[in-house]
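Trainee: Could you walk me through reading some features of a structure, one at a time?

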Amino acid sequence: MVSRSSTRFLNICIASFCKAKHLQRAETVIIDGVRLGVLPDVVTYNTLINAYSRFVSFDAAYSVLDRMKEASIKPDIVTYNSLIAGAMRHCLLSNCMDLFEEMLELGIKPDIWSYNTLMHCFFKLERPDDAYRVFTDIILCYLSPSHATYNTMLNGLCKCGFVENALMLFRKLKRHGFVPSLVTYNILINGLCKAWKLKTARWMLKELGASGLVPNVITYTTVMRCCFRSRRFEQGLEIFEEMIDKGYTFDGFAYVTVVGALVKTSRIEEASHYMERMVNTDIGLDMASYNTLINLYCKGGKLEMAHGVLDKMEKEGFERDEYTNTILMNGLCEEGDVEGAMEYMNVAGFNSNLVALNTMVDRCCKADQIDYAFKIFDSMHMRDSFTYSSLIHNLCKVGRFRCASKLLLSCVRSGTRILPSAKHAVFDCLRHSGHQREVKRLKSEIKLALSAVV
DNA sequence: TTAGGGTTAG
């Protein structure tokens, strides 16, 4: 007779192979175990699910669930939490929701871990109201929220553009005894920096220090990026050197932040210097690092070098993503080959890539193809400030002030934030062509449209 | 389970 301790021993072996990413060996041990009469249990399968979703794919993890069913082993809360976490990790948000439903149908009661993941999923789907409903359910049903519950809520609010609400919630939670962790502070500092609320961000950084917590690599990267965004390059580079001294450049995040900021402001030589420093370390390049390097070459007018990096990247098993495609498309446009850029994107597929579509709209305008730019504009399912601003600026440039004025109004009416520069471009254009009264009329129409949107 | 990096206009 095989004892329970044999299965426990089997599970220890499986856990250790899974941890070392030796999944094939883990599978062999299970087969050998079965031959000897040691049957795997729910823990064995849960361990496998976790490993497959981490190191292989969500589908591979989900197929373990089928094997469990074949072996008549009932999945439990850990099984489903691992699968849901796997679906989240691979950004398979609809799978995440389906699994939650499946779990409820099987009568498995979700725990706080499941609810936290569901909240996270709603935020990723840009459904903050649903996420907030889950949050209040957790509180009202006395489900003992964890630290991750609060942090997920605060992070989701920041990411969906509700930084003020996150700040209010943070204060309220503190009044009720919530002790913020370093993760909490990092979430808020990042949210505040991205929303340009720099004074409050500084204040939050001070609060972090006063609470006895020590800023970590994430705090540093966040603050450094904020310096670059607000054009304080020297300060940003000082922080970078400090990060090197502290050993905080063990991955590519800091380098990519520095190079990205320098390229954006056309400081190509400096950017090349920092990129070289990164390549000379033993940090392996990941997707973001490759895209940064390709962009550096494209912006420096070295398209051939960019394609060389692209080949290397693909040989290493990375597939070009929407960033890569936009960068390459932009590189072709910079060379004056707008048609080639369009052909490239037609093959690669725009796939609702808003940045690529915006770029194409702008580049077509600049190549005297405004009508074609409008065609793209009409086909777009989503538009943002960039979409409207590009068209408006370019229409003004060619003196089509009435068209620009109409577009400006439709932008405001759609609830899209209009950039001050685009608004002033239309006003100036109208004034210079002697339509002073038109400016007054447009201003009042914008005011009216804004009040209707609010 | 929660926090940091990469693509667009003027």
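Trainee: Let's begin with helix α8 (residues 128–140): where do Y132 and F135 lie, and how many residues apart are they?

Mentor: This is a predicted model, so please read every value as computed from it. Y132 and F135 both sit in helix α8, three residues apart, which is about one turn of the helix.

Trainee: How do I describe a pair of aromatic rings?

Mentor: In general, one gives the distance of the centres and the angle of the planes. A search of the whole structure finds 13 aromatic pairs. For Y132 and F135 the ring centres are 6.2 Å apart and the planes meet at 35°, so this pair is tilted. Tilted covers the range left between stacked, under 30 degrees, and edge-to-face, over 60.

Trainee: Is F135 buried or exposed?

Mentor: F135 is buried, because its relative accessibility is 5%, and the cut-off for buried is under 20%. Y132, with a relative accessible area of 45%, is partly exposed.

Trainee: Which residues form an aromatic cluster with Y132 and F135?

Mentor: Y150 and F178 join Y132 and F135 in one aromatic cluster.

Trainee: What kind of aromatic pair do F377 and Y388 form?

Mentor: That one is edge-to-face, with 5.5 Å from centre to centre and 80° between the planes. The pair links distant parts of the chain: F377 belongs to helix α22 (residues 370–379) and Y388 to helix α23 (residues 385–397), 11 residues apart. Both F377 and Y388 are buried.

Trainee: Now the cysteines. How many disulfides does the structure hold?

Mentor: First the idea: a disulfide is a covalent bond between the sulfur atoms of two cysteines. The structure holds zero of them.

Trainee: Why is C13 without a bond to C18?

Mentor: Because the sulfur of C18, the closest cysteine sulfur to that of C13, is 11 Å away, too far for a bond. A disulfide would need the two sulfur atoms within 2.5 Å. C411 is in no disulfide either, as the nearest cysteine sulfur, in C396, is 13 Å away. As for their surroundings, C13 is partly exposed at 23% relative accessible area, while C411 is buried at 0%.

Trainee: What does T44 touch, leaving aside residues up to four places away in sequence?

Mentor: T44 touches L10, N11, I14 and I30. T44 lies in helix α3 (residues 42–55), and its relative accessible area is 1%, so T44 counts as buried.

Trainee: Let's turn to the DNA. Which residues come nearest to DNA strand B?

Mentor: Of the 52 residues around DNA strand B, the nearest are N186, N291, K299, K366 and L419. Helix α17 (residues 287–299) gives the largest share of the surface near the strand, seven residues. By class, that surface has 15 nonpolar, 24 polar and 13 charged residues.

Trainee: What share of the atoms of DNA strand B within 4 Å of the protein belong to sugar or phosphate?

Mentor: Sugar or phosphate accounts for 46% of those atoms, and bases for the rest. You can follow both kinds through individual side chains. On the base side, an N or O atom in the side chain of N116 is 2.8 Å from a base oxygen of DNA strand B. The side chain of D321 has an N or O atom 2.7 Å from a base nitrogen of the strand. On the phosphate side, a polar side-chain atom of N190 lies 3.3 Å from a phosphate oxygen of DNA strand B.

Conventions:
Residues numbered from 1 in each chain as written. Chains lettered and ligands numbered in written order. Predicted model: local features only at pLDDT ≥ 70, side-chain atom pairs only at ≥ 80, totals over all residues. Heavy atoms only, no water. Near = heavy atom within 4 Å. Polar contact = N/O pair within 3.5 Å; in protein donor to acceptor, adjacent residues only side chain to side chain. Helix = DSSP H or I, 4+ residues; strand = E, 2+ residues; numbered from the N terminus. Nonpolar A, V, L, I, M, F, W, Y, C, P; charged D, E, K, R; others polar. Buried < 20%, exposed > 50% of the residue type's maximum accessible area, 1.4 Å probe, protein only. Contact = heavy atoms within 4.5 Å. Phe/Tyr/Trp six-rings, centres within 6.5 Å; stacked < 30°, edge-to-face > 60°.
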